[in-house]
Structures are given as C-alpha cells and as structure tokens.
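Trainee: Could we go through this structure together, one question at a time? I would like to see how each answer is reached.

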Amino acid sequence: MNRILVIEDDELIQRIIEKALSRDEFRVDAVSNGKDAIRKLEESGYGYQMIITDIMIPYANGLEIVSKVKHRTEGAPARVIIISNASNEEMVTDAFKLGVDDFLKKPFSPAELVG
C-alpha cells in the first residue's frame, strides 16, 4: 500500500486532498504543521512514497521538510509535491533546487493530483 503524507494547515484544503487521494491503494496521513510532519516521517522511518506539502506551514516550513526528505542517504527519497499560493519565483526555484518533483499553485483542481 502506498503511503502519502499531506502537510497542510488549511483544514478545508487538507480534507480536499485527502478525499482526492483516499483510495484502496493509498494510505493518507495528514498533519497541519512541520513539527508533526517531522514526527510522522521519523516514526515511519521515512516510509512515505509521496509527500504533499504547503510551503508556509507552522513550526517548520515546507522547504525544510523537502530538504530533510530529499537529502537522506538511506533508501529512495519520496516524491514531493508542493501545493502553495506562494508566487515568489525565487521560492519556487529554491523548491526545485531542493528536489521537488512538482509544484501546484493554489487554487488547484483535485484532478491535478490524481491525473
């Protein structure tokens, strides 16, 4: 079963993402801040196949999470998608330099996640 970690502090967006991805082949865990995200990653042994995160989240921003995930030396790194309303081109560029696999701008269509 593929495991997905969703890190989003907007409860409505978090629910939309969970609903779009909750199928038999996916197990979706969702948290609302960076501290809980790091705890989930460590508890799972970084066992998520995909991480979907906002950039602007409390306690540790999305780019910090991306850096932790993509710079691990053990195992295959998870695919990471950022969903954000950040329009700062430098921030988007930094995300791709850290190894982000895709960047979706809010508002987004749930079909973009599953398509």
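What follows is a conversation about this predicted model, in questions and answers.

Trainee: Let's begin with Glu 8. Is Glu 8 buried or exposed?

Mentor: Glu 8 sits in the loop between strand 1 (2–7) and helix 1 (11–21). Its relative accessible area is 2%, and the cut-off for buried is under 20%. Glu 8 is therefore buried.

Trainee: Which residue has a side chain joined to that of Glu 8 by a polar contact?

Mentor: Good one to ask, as the side chain of Glu 8 has two partners to look at here. One of its polar atoms lies 3.0 Å from the backbone nitrogen of Asp 10, but that is a backbone atom. The side-chain to side-chain polar contact, at 3.0 Å, is with Lys 106.

Trainee: And which residues does Glu 8 touch, not counting those up to four places away in sequence?

Mentor: Lys 106 turns up again, as a residue that Glu 8 touches. With sequence neighbours up to four places away not counted, the full list is Ile 13, Gln 14, Val 31, Ser 32, Asp 54, Ile 83 and Lys 106.

Trainee: Staying with Lys 106, what is the peptide bond from Lys 106 to Pro 107, cis or trans?

Mentor: Pro 107 belongs to the loop between strand 5 (102–105) and helix 5 (110–114). For the bond that leads into Pro 107 from Lys 106, omega is near -5 degrees. The bond is cis.

Trainee: Phe 108 is in that loop too. Which residues is Phe 108 in contact with, leaving aside neighbours within four places in sequence?

Mentor: Phe 108 lies between strand 5 and helix 5, and with a relative accessible area of 15% it is buried. Its C-alpha atom is 20 Å from that of Leu 63, 45 residues apart along the chain. The contacts of Phe 108 are Ile 13, Ile 17, Ile 83 and Leu 113.

Trainee: Now the helices. How are helix 2 and helix 3 oriented, roughly parallel or roughly antiparallel?

Mentor: The axes of helix 2 (residues 34–43) and helix 3 (residues 62–70) come within 10 Å and cross at roughly 15 degrees. Angles under 35 degrees count as roughly parallel. So helix 2 and helix 3 are roughly parallel.

Trainee: How many nonpolar residues are in the contact of helix 2 with helix 3?

Mentor: Helix 2 passes helix 3 in a right-handed crossing. Gly 34, Ala 37, Ile 38 and Leu 41 of helix 2 meet Ile 65, Lys 68 and Val 69 of helix 3. By class, this contact has 1 charged residue, 1 polar residue and, for the nonpolar class, 5.

Trainee: Which residue in the loop between helix 2 and strand 3 (50–53) should I look at?

Mentor: Look at the backbone here. A phi near 55 degrees is a positive value, and this one is in a residue other than glycine. The residue, in the loop between helix 2 and strand 3, is Tyr 46.

Trainee: Is Tyr 59 buried or exposed?

Mentor: Tyr 59 is in the loop between strand 3 and helix 3, and has a positive phi of about 75 degrees although it is not a glycine. Its relative accessibility is 67%, and the cut-off for exposed is over 50%. Tyr 59 therefore counts as exposed.

Trainee: Last one: what distance separates the C-alpha atoms of Glu 25 and Arg 3?

Mentor: Glu 25 is in the loop between helix 1 and strand 2 (26–31), and is partly exposed, with a relative accessible area of 38%. Glu 25 and Arg 3 are 22 residues apart along the chain. Their C-alpha atoms are separated by 8.7 Å.

Definitions and conventions
Residues are numbered from 1 along each chain as its sequence is written. This is a predicted model: local features need pLDDT of at least 70, side-chain atom pairs count only at pLDDT 80 or more; totals for chains, interfaces and linings use all residues. Side-chain values use heavy atoms; hydrogens and water are left out. Helices (H or I, at least four residues) and strands (E, at least two) are DSSP runs, numbered from the N terminus. Buried means under 20% relative accessible area, exposed over 50%, partly exposed in between (1.4 Å probe, protein chains only). A polar contact is a pair of N or O atoms within 3.5 Å; within protein, one must be able to donate a hydrogen and the other to accept it, and residues adjacent in sequence count only if both atoms are side-chain atoms. Contact means heavy atoms within 4.5 Å. Axes are lines fitted to C-alpha atoms, for helices over the stretch in contact, and angles run from 0 to 180 degrees between N-to-C directions. Angles under 35 degrees count as roughly parallel, over 145 as roughly antiparallel, 65 to 115 as roughly perpendicular and the rest as oblique. A crossing is left-handed if the near helix is turned anticlockwise from the far one by less than a right angle, and right-handed if clockwise. Ala, Val, Leu, Ile, Met, Phe, Trp, Tyr, Cys and Pro count as nonpolar, Asp, Glu, Lys and Arg as charged, and the others, Gly among them, as polar.
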